[in-house]
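Me: I have a model open on my screen and would like to understand the labels people attach to it. Could you take me through the reasoning behind them?

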Amino acid sequence: VEENRRAQIRYTTDLAEVDWDALVRTLEQDDFHNGRTPEQMARSFHNSAFAVLAWDGDACVGTVRVLSDGVCNAYIVDVWTLSSLRRRGIGRRMMELALARLPGQHVYLFTDTMAEFYTSLGFRLQGDGYGIVVGEWLQNAPDGGDARPESG
Ligand SMILES: CC(C)(COP(=O)(O)OP(=O)(O)OC[C@H]1O[C@@H](n2cnc3c(N)ncnc32)[C@H](O)[C@@H]1OP(=O)(O)O)[C@@H](O)C(=O)NCCC(=O)NCCS
């Protein structure tokens, strides 16, 4: 049964399939929601280089979101597998599919709880991360678009 369940997981990078309201509801229920509205969730994914999504039927059950310049640096966020489907290789598969799209790039991420998962994928602890939240978390306006300064 477990193998069958695992076999039916589908992986894609197509954001058009995502029902953002449903995804936020699932993340809330799964205790992995970080406060984004469905609109902010959609915008953060669409403004990323790409994301790998895992699907069980029409339910999104996993995400890996990648920020990248396409040349040398990438940063991975929103790494999540639905609780009831963990330890079946879904997280690993999503990360492998993401890393396969980032040849030649230094891929960085932050974790305070899942070191073993990342070291099992070949990541190594590198230095100390420094971070800052600018102003208030998620204060950006609903229609704020991207962060590019006005040109000309
Ligand atoms: C981290 C997370 C995405 C892993 O997803 P997953 O689908 O369960 O991962 P996999 O089944 O592919 O695990 C691959 C390997 O990683 C390691 N691993 C995964 N979860 C682990 C855990 N809780 N403790 C120790 N090692 C773990 C194991 O080596 C595992 O291989 P094994 O099951 O054969 O032992 C999932 O636990 C999750 O969503 N956690 C909550 C959200 C979170 O913390 N995200 C990371 C934020 S930085």
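Reply: Happy to; we will go label by label, bearing in mind that this is a predicted model.

Me: Let's begin with the overall layout. What makes up the secondary structure of the chain, and in what order do the elements run?

Reply: The chain has 5 helices and 5 strands. Starting at the N terminus, the order is α-β-α-α-β-β-β-α-β-α. Of its 152 residues, 34% count as buried. The accessible surface is about 10000 Å², and carbon and sulfur atoms account for 51% of that. As for contacts between residues at least 6 apart in sequence, 59% join residues at least 24 apart.

Me: Why is R36 called buried?

Reply: The cut-off for buried is under 20% relative accessible area. R36 has 8% relative accessibility, so it counts as buried. You will find R36 in the loop between α2 (20–29) and α3 (38–46).

Me: What is R36 in contact with, beyond its neighbours in sequence?

Reply: Leaving aside neighbours within four places in sequence, R36 touches V24, M41, S44, F45, R65, D78 and L138.

Me: How do you know that the pairing of R36 with S44 is a polar contact?

Reply: The two side chains come to 2.9 Å, and a polar contact needs N or O atoms within 3.5 Å, one able to donate a hydrogen and the other to accept it. The R36–S44 pair is therefore listed as a polar contact.

Me: S44 sits in α3, I see. Which residues of α3 are buried, and what covers them?

Reply: The buried ones are Q40, M41, A42, R43, S44 and F45. Their cover includes α2, β2 (50–56), β3 (59–68) and β4.

Me: D78 appeared among the contacts of R36. What makes D78 buried, and what stands out in its backbone?

Reply: D78 has a relative accessible area of 15%, and the limit is under 20%, so D78 is buried. D78 belongs to strand β4. Its phi is near 50°, a positive value in a residue other than glycine.

Me: R87 also has a positive phi. Is R87 buried or exposed, and how do you know?

Reply: Exposed means over 50%, and R87 has 86% relative accessibility, so it counts as exposed. Its phi is about 65°, although R87 is not a glycine. R87 lies in the loop between β4 and α4.

Me: R88 is in the loop between β4 and α4 too. Why is R88 given the label it has?

Reply: At 17% relative accessibility R88 falls under the 20% limit, so R88 counts as buried. The side chain of R88 reaches the backbone oxygen of S84 at 3.4 Å.

Me: Now the ligand. Which residues come nearest, and what polar atoms of the protein approach it?

Reply: There are 18 residues around the ligand, and V79, R87, G89, G91 and R92 come nearest. A backbone N or O atom of V79 is 2.7 Å from a ligand nitrogen. A polar backbone atom of R88 lies 3.1 Å from a ligand oxygen, and one of R92 lies 2.7 Å from a ligand oxygen. Taken alone, the ligand exposes 910 Å², and the protein buries 75% of that. Elements giving two or more residues to the shell are β4 (73–81), α4 (90–100) and α5 (115–119). By class, the shell has 8 nonpolar, 5 polar and 5 charged residues.

Me: How many disulfides does a search of the whole structure find?

Reply: It finds 0 disulfides.

Me: Then let's look at two cysteines. Why do C60 and C72 get their accessibility labels?

Reply: C60 is at 9% relative accessibility, under the 20% limit, so C60 counts as buried. C72 has a relative accessible area of 36%, which lies between the 20% and 50% limits, so C72 is partly exposed.

Me: One last residue: what makes L67 partly exposed, and what does it touch?

Reply: L67 has a relative accessible area of 34%, between the 20% and 50% limits, so it is partly exposed. L67 lies in strand β3. Beyond neighbours within four places in sequence, L67 is in contact with S48, A49, N73, A74 and Y75. L67 and S48 are 19 residues apart in sequence, while their C-alpha atoms are 5.1 Å apart in space.

Notes: Residues numbered from 1 in each chain as written. Predicted model: local features only at pLDDT ≥ 70, side-chain atom pairs only at ≥ 80, totals over all residues. Heavy atoms only, no water. Helix = DSSP H or I, 4+ residues; strand = E, 2+ residues; numbered from the N terminus. Buried < 20%, exposed > 50% of the residue type's maximum accessible area, 1.4 Å probe, protein only. Contact = heavy atoms within 4.5 Å. Areas by Shrake-Rupley, 256 points an atom, 1.4 Å probe, with all protein chains shown as cover. Near = heavy atom within 4 Å. Nonpolar A, V, L, I, M, F, W, Y, C, P; charged D, E, K, R; others polar. Disulfide = S-S within 2.5 Å.
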